[in-house]
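Reader: Got a minute to go through this one with me? I'd like to start with the fold and then get to the side chains.
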Amino acid sequence: STKNMSMVEMTNVVHEALFGEIAAKNAASEAKNAALEAKMIAASADDKIAAAIAALDAKIATLEAKMIAASADDKIAAAIAALDDKVAAAIAASEAKNATKIAALEATIAALEAKNAASVDDKIA
């Protein structure tokens, strides 16, 4: 009967060892699952960070484009203002020239009229 007891005990020891092994395997696979979940969460966080960075990059690019456009508008406005100034200056110069020409012509006409009047007076006299 001691042989039987030892056989039962041996069976129990083997069973305990097997259960222990199964428990260890379960614990190992749970650890693997937890590690995979952590990796997935980290990857998701990386994706969110990457998306946030991409969104910020897009905002920066948009702002830069707006700044470039504003700068271009300023340059165009400055060029138009410069042209307006040139046109105004050209108009003023041509008006001054015309005024001088008109004055000269008027002086010439006055001189001719004076001569005419003098010659008429001479003829009358």
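Author: Sure. One term to begin with: helices here are DSSP runs of H or I, at least four residues long, numbered from the N terminus. And keep in mind that this is a predicted model.

Reader: OK, so how many helices and strands does the protein chain have?
Author: The count is 1 helix and 0 strands. Helix 1 covers residues 2-124.

Reader: And what does the C-alpha trace span along its principal axes?
Author: About 180 × 10 × 5 Å. The radius of gyration is 53 Å, whereas a compact globule of 125 residues would come in near 14 Å.

Reader: What share of the residues counts as buried, then?
Author: That's 0% of the 125 residues. The chain exposes about 10,800 Å², with 69% of that area supplied by carbon and sulfur atoms.

Reader: Switching to charges. How many positive and negative ones are there?
Author: There are 13 positive and 18 negative charges, and their mean positions sit 5 Å apart.

Reader: Any pairing up? How many salt bridges does the structure hold?
Author: Just 1 salt bridge. Glu21 pairs with Lys25, and their closest N and O atoms are 3.9 Å apart.

Reader: Where do Glu21 and Lys25 lie?
Author: Both are in helix 1, 4 residues apart, which is about one turn of the helix.

Reader: Is Glu21 exposed or partly exposed, and why?
Author: Glu21 counts as partly exposed because its relative accessibility is 46%, and exposed takes over 50%.

Reader: And its partner, Lys25: what does that count as?
Author: Lys25 has 56% relative accessibility, so Lys25 counts as exposed.

Terms used: Residues numbered from 1 in each chain as written. Predicted model: local features only at pLDDT ≥ 70, side-chain atom pairs only at ≥ 80, totals over all residues. Heavy atoms only, no water. Helix = DSSP H or I, 4+ residues; strand = E, 2+ residues; numbered from the N terminus. Rg over C-alpha atoms; globule rule 2.2 N^0.38 Å. Buried < 20%, exposed > 50% of the residue type's maximum accessible area, 1.4 Å probe, protein only. Areas by Shrake-Rupley, 256 points an atom, 1.4 Å probe, with all protein chains shown as cover. Lys, Arg positive; Asp, Glu negative; His and termini not counted. Charge placed at Lys NZ, Arg CZ, Asp CG, Glu CD. Salt bridge = Lys/Arg side-chain N within 4 Å of Asp/Glu carboxyl O.
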